[in-house]
Amino acid sequence: MRKQNLNIAVYIDMENVASSDFVLEEVMNSFLSTDEDYNCIFAIKAAYGNQSAAKKALKNQIVEHNFNIIDTPKIGSEKNRADLLLSLDAFETLYLNNPRIDRYCFMTSDADFTVVADKLRKFGKEVWLVCKKSDKDRAILTKSFDNLLFLEDFCPETTPKITSKIERLFVQAVRNMNQSKLPNNVSVANDKMKAIDPSFRITNTEYKTFMKLIKDMEKKGYIKSETLATGENRIIEICV
């Protein structure tokens, strides 16, 4: 059975999140979390901010992830138009429905975005917010978004200290599995790894077979698995 596509739009208010150090790759991977019946696709990736004052480390990450960068220079000495242009662009996709967006992800702590979030949800869209942990108790944010993520959880100090590329990819993949559906066949983890990195092929790694990777990842404490009498191999617990 062919999987249905789930189209994702990501909008970053660059100046609003510039004070936090975070690994954008980890944030982007978290947006891929969904049931196994869907293929997640980043249909829109856009970042807004005054580029003459943009934080270099943040801009480099945004460029590496192939975001469309919209320069929003200040008007006068204070006002920046990033939040207004971002909101209008997001709502325009709803009006045009091309591309059709299923999940809108905003990276900002600006409460002004609750206006567009409420509008998008009114039309049946799923809306996520990545903000600072200090904002988690703001009722207007918790009531306007379907899911809240926190920048502090994606800072370099809290991301897994894993040097191996395949281990890092595996950890990212299993974190995006729906734990309420465990136990689940190990092939789900394989699918998630390919969703994050379409170039991933187990035969091109030192493991050669996916079961060898599963056994090694279990030995390192990332998961717990079981083998049924039928020969089916399932992940029964995610430990990262």
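**Entry 1: N29**

I looked up the burial of N29 in this predicted model. N29 has a relative accessibility of 9%, under the 20% cut-off, and therefore counts as buried. I then located N29 in helix α2, which spans residues 24-30.

Next I asked which residues N29 touches beyond its neighbours within four places in sequence. I found contacts with Q172, N176 and I196. I also noted the pair N29 and R175: 146 residues separate them in sequence, while their C-alpha atoms lie 9.0 Å apart in space.

**Entry 2: helix α7**

I turned to α7, residues 165-175. How many of its 11 residues are buried? I recorded eight, and α7 is thus mostly covered. The buried residues are I166, E167, L169, F170, V171, Q172, A173 and V174. I then checked what covers them, and the elements include α2, α8 (187-196), α9, β8 (223-227) and β9 (233-238).

**Entry 3: α7 against α9**

I examined how α7 packs with helix α9, residues 210-219. The angle is about 80° and the axes are 12 Å apart. Because this angle falls within 65 to 115 degrees, I entered α7 as roughly perpendicular to α9. On the α7 side I listed I166, E167 and F170 as making the contact, and on the α9 side L213, I214 and M217. By class, I counted five nonpolar residues, one charged and no polar in this contact.

**Entry 4: largest pocket**

I looked up the largest pocket and noted a volume of about 310 Å³. Which of its 17 lining residues are the closest to the centre? I wrote down E25, N29, Q172, I196 and D197. N29, in α2, thus appears again, as do its contacts Q172 and I196. At least two lining residues come from each of α2, β2 (38-49), α7 and α8. I recorded the lining as nine nonpolar, five charged and three polar residues.

**Entry 5: second largest pocket**

For the second largest pocket I noted a volume of about 260 Å³. It is lined by 13 residues, of which E26, S30, F154, R175 and N176 are the closest to its centre. I asked which elements give two or more residues to this lining, and I found α2, β6 (147-150) and α7. The classes here are six polar, four nonpolar and three charged residues.

I closed the entry with a cross-reference to N29: N176 is one of its contacts, and R175 is the residue whose C-alpha lies 9.0 Å from that of N29.

Technical notes: Residues numbered from 1 in each chain as written. Predicted model: local features only at pLDDT ≥ 70, side-chain atom pairs only at ≥ 80, totals over all residues. Heavy atoms only, no water. Helix = DSSP H or I, 4+ residues; strand = E, 2+ residues; numbered from the N terminus. Buried < 20%, exposed > 50% of the residue type's maximum accessible area, 1.4 Å probe, protein only. Contact = heavy atoms within 4.5 Å. Axes fitted to C-alpha atoms, helices over the stretch in contact; angles between N-to-C directions. Parallel < 35°, antiparallel > 145°, perpendicular 65-115°, else oblique. Nonpolar A, V, L, I, M, F, W, Y, C, P; charged D, E, K, R; others polar. 1 Å grid on protein atoms, 1.4 Å probe; cavity = no way out; pocket = protein on both sides within 12 Å on 5 of 7 lines; lining within 4 Å. Points joined across faces, edges and corners; volume = space filled by probe spheres on them.
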